[in-house]
Amino acid sequence: MYANFCMRLFRFLLCLFAATLFGQNVDTGSGHRQFDNTCSVCHGGDGMGGELGPAIVRRLQKLDDQQIKTVIHHGLPDRGMPAFPNLTEQELNNLVRFLRTLKFVRAPLLVRGVQTDSGAEIEGTVLNQSSEDLELQSKDGRIHLLRTAGGRFREVTSQTDWATYNGDVSGNRYSKLSQITPANVSQLATAWTYTLPDVSFLESTPLVVKGILYVTSANECYALDAGNGRHLWHFKRPRTKGVIGDASPGINRGVAWAGNRLFMVTDNAHLLALNRFTGDVEWETVMADWKQNYDSTSAPLIVGDYVISGTAGGEEGARGFVAAFDQATGKEVWRFWTVPKPGEPGSETWKGNAI
């Protein structure tokens, strides 16, 4: 009897301790239901991201309970997250308690071989897979976009690419595609949505190259399967503290493409070459010293073997230029200054201190 009494006393004290520690009225089950009703439609049932919202599990680890409740209550209007001002304090407590149970799970890298409808064999690492599609990265680094075709797969690509910032080198942004007409334009509907997390400004023109869509924000580039919006890779480096001009709020207009490389500028006026299948940096060139009020936001331009780019900063007194860089090495080939120095031809057209 004494042993039973001690066991019952121990259980009572354990329950009392748990209630004191976690709060008697906090209900994980209710929090789970609240999450399903409020959050999962955007962030996924496991908090690892969905079609309308980014993964939140790692972000939650950086916030205390009150900060989480404030975000839920007020929303994040500049990032597209709505506010939920009608949730009671009890509902918020339940929801936060459930959010604390979410764990980050890294999807395992699976290596498999597939046979295409053409009879080819492809072996590689699975990037994404569903019952209808498969994105596979083969040993040579290339990404293969596959769709199910009976018991095999067919490899897909884009029939027509949007291969430069303006579509093609003519620069007129005119598309010869004829599937969309005045008769059927009213029937257009969203096929997929991808949310770029922590991005306030999107002024990028996405490129589509052989079925892969590339879109940027400041110091970031995403590669997506253009057919279904599935994430392939993401390049990111920290924003530069103290940079001014157009780049300071996070503006970037996009990438240029040639061969197996993408070219993009950073907020601090660097030019990068990225492997278009992996996002790895192949070379980096400093175009100008950002501490002299230079910054950079524009999409580079491909001309022959050169990458043409320039900088922003004219409004902040920086002397503008356009420069050409070798695609393979990033070495500067030539530079044209758009504003002459005092004494150079053209400087006489600048009156007073305007120059």
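**Entry 1: the S7/S8 turn**

I started at the hairpin of S7 and S8, where two residues sit between the strands and asparagine 219 in the turn has a positive phi of about 60 degrees. This is a predicted model, so I keep that in mind throughout. Next I counted the ladder: S7 and strand S8 (residues 220-225) run antiparallel and are joined by six bridges. I picked out one pair there, leucine 213 with its bridge partner leucine 224 in S8.

**Entry 2: the other edge of S7**

Then I looked at S6. It pairs with S7 in the antiparallel sense, over three bridges. Which residue of S7 is the bridge partner of valine 208? I found leucine 213. I had already noted leucine 213 as the partner of leucine 224 in S8. The hairpin of S6 and S7 has two residues between the strands, and here lysine 210 takes a positive phi near 50 degrees.

**Entry 3: is S7 buried or exposed?**

I checked S7 (residues 212-217) residue by residue: six of the six are buried, so the strand is largely enclosed by the rest of the structure. In a regular strand, side chains alternate between the two faces of the sheet. I therefore sorted the residues of S7 by side, with Ile212, Tyr214 and Thr216 on one and Leu213, Val215 and Ser217 on the other, and both faces turn out to be covered.

**Entry 4: threonine 193**

I moved on to the loop between strand S5 (152-155) and strand S6 (207-209), which is where threonine 193 lies. I have threonine 193 down as partly exposed, because its relative accessibility is 33%. I also noted glycine 229: it is 36 residues from threonine 193 along the chain, yet their C-alpha atoms are separated by 6.7 Å.

**Entry 5: cysteines**

How many disulfides does the count give? I get zero. Cysteine 39 is in none, and the nearest cysteine sulfur to its own, that of cysteine 42, is 8.6 Å away. Looking from the other end, cysteine 42 is in no disulfide either, and its nearest cysteine sulfur is that of cysteine 39, at 8.6 Å. The cut-off is 2.5 Å, so a pair at that separation does not count. I put cysteine 39 down as buried because it has 10% relative accessibility. Cysteine 42 has 25%, so I list it as partly exposed.

**Entry 6: confidence**

Last, I looked up the pLDDT. The mean for the protein is 86, with 89% of its residues at 70 or more. Residues 9-26 stay under 50, and for this stretch I noted nine contacts beyond four places in sequence.

Methods:
Residues numbered from 1 in each chain as written. Predicted model: local features only at pLDDT ≥ 70, side-chain atom pairs only at ≥ 80, totals over all residues. Heavy atoms only, no water. pLDDT = per-residue confidence, 0-100. Contact = heavy atoms within 4.5 Å. Helix = DSSP H or I, 4+ residues; strand = E, 2+ residues; numbered from the N terminus. Buried < 20%, exposed > 50% of the residue type's maximum accessible area, 1.4 Å probe, protein only. Pairing = 2+ DSSP bridges.
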